[in-house]
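Okay, everyone, thanks for coming. Today I'd like to talk about pockets, so let me put the structure up.

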Amino acid sequence: DRIAERDDETIKSITEALIFTGLAIGMTGTSRPASGEEHHLSHCWEMISMNEGRYTKWLHGNNVGVGVGIIAEAYSFVNNLDIETVYATGRYRHLDRNQWARGLSEVYTRSAASIIKFKEGSIAFEAEQRERNMKNIVKNWSAIKEICSELLPNPEVIRGIMKQAGAICSPEELGLNRELFKKSFIAAKDIRKRYGILQLLEDIGMLEEAAEAVAAVYYDTPGTTIK
């Protein structure tokens, strides 16, 4: 809540966090400790704006902060799933390549062709591969749920911190209508070949349902925006 005042202790805390993050990147050899799917969402929204010939008025950090709350909601959605029930439906076996590409084209427009070319080799479209992936997910579901339930902050806590800092905390405040938000939620992961919660949701056939559930939190629930 003292960020806008450039409070010395607050700036010190932010600087220390950045240094530790840089050390983590150096130790792992990848930007993953500092850049997950909250960044993919932010980059997606920024690309939407630029492809429309405009620039978002919000700083990248605020965009990412909105993304953190959204991705935390995605983890919460996964944590509440019964994987055996999801597995029994068999819906995860089907991912239509043309529908996937159309979704990217609707979101990324003139940038879509390069994204499709970049990512399609990393997506499992064949039913046999999707079955193998799903069995691996089911096998490791307890560990996945542990991550979802024990290692992540509550989405409401994240939004509360954003509000205390005087930042916006919802995609609606970024200027995204509900449908565009859902499409960006589905398409954001494909700008990187980095496995995260959104890719897991696609692998279990629940990405669209998660998009609708998270949209309901931000567009139907009072208190998720600053009025």
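So, α3 is the top contributor to the lining of the largest pocket, giving six residues. Keep in mind that this is a predicted model. How much space lies in that largest pocket? About 910 Å³. There are 26 residues lining it, and if you want to find the centre, look for Ile 3, Gly 61, Asn 62, Gly 65 and Met 162, which are the closest to it.

Which elements give two or more residues to this lining? You've got α1 (8–28), α2 (37–51), α3 (60–79) and α9 (155–164). As for chemistry, the lining of the largest pocket splits into 15 nonpolar residues, eight polar and three charged.

Okay, on to the second largest pocket. Here we have about 600 Å³ of space. This one is lined by 26 residues, and the ones closest to the centre are Leu 95, Gln 99, Ile 186, Leu 207 and Glu 208.

Where does the lining come from? Well, α5 (97–108), α10 (178–187) and α12 (207–220) each put in at least two residues. Of those, α5 has the largest share of the lining, at seven residues.

And the chemistry of the second largest pocket: 13 of its lining residues are charged, nine are nonpolar and four are polar.

So, to put the two side by side: the largest pocket has 15 nonpolar and three charged residues in its lining, while the second largest has nine nonpolar and 13 charged. That's what I had on the pockets, thanks.

Notes
Residues are numbered from 1 along each chain as its sequence is written. This is a predicted model: local features need pLDDT of at least 70, side-chain atom pairs count only at pLDDT 80 or more; totals for chains, interfaces and linings use all residues. Side-chain values use heavy atoms; hydrogens and water are left out. On a 1 Å grid over the protein atoms alone, a cavity is a set of points where a 1.4 Å probe fits but cannot get out, and a pocket is an open set with protein on both sides within 12 Å along at least five of seven lines; lining residues have an atom within 4 Å of a point. Grid points are joined across faces, edges and corners, and a volume is the space filled by probe spheres set on the points. Helices (H or I, at least four residues) and strands (E, at least two) are DSSP runs, numbered from the N terminus. Ala, Val, Leu, Ile, Met, Phe, Trp, Tyr, Cys and Pro count as nonpolar, Asp, Glu, Lys and Arg as charged, and the others, Gly among them, as polar.
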